[in-house]
Amino acid sequence: IFGKGKKKAGKATAGSAQDDSIRTAKVGDVVSISGLRLEYDDIYFFIEKIDRYTSDSETWYELLCVEGENQVWIDWTDGYELTVTATDDPNPVGLGSIGTTEEDLTHLDEEHSIDNYFTYNGTEYYYTNSGEAFYFQENAGEGSGYYTWDFISADETMVLSVDKFEGRPFEGYISEIVRPDSITVYKQ
């Protein structure tokens, strides 16, 4: 599971030394991303902020990477395998835009079945997980609890996450699954 904009369901192979670099990234380091649909191959981003998220089963991180007007959010988790996602769109979409409802999400959560899916923008997104998670801004403090649902596209290239923080509307985020070896971190 990842937080906003993210994340979570795709599997990528960990194996090269570069895979480890994302695990050790710190604020102030520089990141490059190759082969991303977002086409940022020749841009070097400064890591401006790192947030941490946790659930009962995993911990993941969200890096805010900035270069001038360009911003990219990179999420990674190191569960069974290193999983990395990225997005350049921080704006959430509502449940109506996604084509689902709070009742639908409650049903998915209760069934907890990976056979369940819905279609958004012509792409089928399959349920992968849901549950309570905690957000730690800049990897500090006690954390804010929220509920999250995660879906992966049928072709396993995109992740759609829906988050619900208390007092805020449901927020959907879409991110692209990227290979860990497509990200290089240059230490400060």
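## Salt bridges, polar contacts and nonpolar cores

D29 and K187 form a salt bridge in which the closest N and O atoms are 2.8 Å apart. The pair ties together parts that are 158 residues apart in sequence, because D29 lies in the loop between helix 1 (17–23) and strand 1 (30–33), whereas K187 belongs to the segment after strand 11 (183–186). D29 is buried, with a relative accessible area of 3%, while K187 is partly exposed at 47% relative accessibility. The model described here is a predicted one.

**Overall architecture**

The chain contains three helices and 11 strands. Read from the N terminus, its elements follow the order α-β-β-β-β-β-α-α-β-β-β-β-β-β. The chain has 188 residues, of which 49% count as buried. Among contacts between residues at least 6 apart in sequence, 53% join residues at least 24 apart. The chain exposes about 9,300 Å², and carbon and sulfur atoms supply 45% of that area.

**Charged pairs**

Side chains of opposite charge can pair when their charged atoms come close. In this model the count comes to five salt bridges. The table lists three of them, including the D29 pair described above.

| Salt bridge | Closest N and O atoms | Acidic residue, relative accessibility | Basic residue, relative accessibility |
|---|---|---|---|
| D29 with K187 | 2.8 Å | D29, 3% | K187, 47% |
| D51 with K49 | 3.3 Å | D51, 2% | K49, 21% |
| E171 with R168 | 2.8 Å | E171, 11% | R168, 38% |

In the second pair, D51 is buried, with a relative accessible area of 2%, and K49 counts as partly exposed at 21%. A relative accessible area under 20% is what defines a buried residue, so the value of 21% places K49 in the partly exposed class. In the third pair, E171 counts as buried at 11% relative accessibility, and R168 counts as partly exposed at 38%.

**Polar contacts of T87**

T87 is located in strand 5 (residues 82–87) and counts as buried, its relative accessibility being 7%. The side chain of T87 has a polar atom 3.2 Å from the backbone nitrogen of D89. A polar atom of the T87 side chain also lies 3.1 Å from the backbone oxygen of I174. The T87 side chain thus has polar contacts with backbone atoms of D89 and I174.

**Nonpolar cores**

In soluble globular proteins, nonpolar side chains tend to be buried together. The largest nonpolar core of this model has 21 residues, and those with the most contacts inside it are I22, V31, L63, I74 and I183. At least two residues of this core come from each of strand 1, strand 2 (44–55), strand 3 (59–67), strand 4 (70–78), strand 5 and strand 11.

L63 may be examined in more detail. With its neighbours within four places in sequence left aside, L63 is in contact with I22, A25, I47, K49, I50, V72, W73, I74 and W76. Two of these partners, I22 and I74, are themselves named among the core residues with the most contacts. Another partner of L63 is K49, the residue that forms a salt bridge with D51.

Apart from this core lies another, of 14 residues, among them I98, L105, F118 and Y120.

Conventions: Residues numbered from 1 in each chain as written. Predicted model: local features only at pLDDT ≥ 70, side-chain atom pairs only at ≥ 80, totals over all residues. Heavy atoms only, no water. Salt bridge = Lys/Arg side-chain N within 4 Å of Asp/Glu carboxyl O. Helix = DSSP H or I, 4+ residues; strand = E, 2+ residues; numbered from the N terminus. Buried < 20%, exposed > 50% of the residue type's maximum accessible area, 1.4 Å probe, protein only. Polar contact = N/O pair within 3.5 Å; in protein donor to acceptor, adjacent residues only side chain to side chain. Core = buried A, V, L, I, M, F, W, Y, C linked by side-chain atoms within 4.5 Å. Contact = heavy atoms within 4.5 Å. Areas by Shrake-Rupley, 256 points an atom, 1.4 Å probe, with all protein chains shown as cover.
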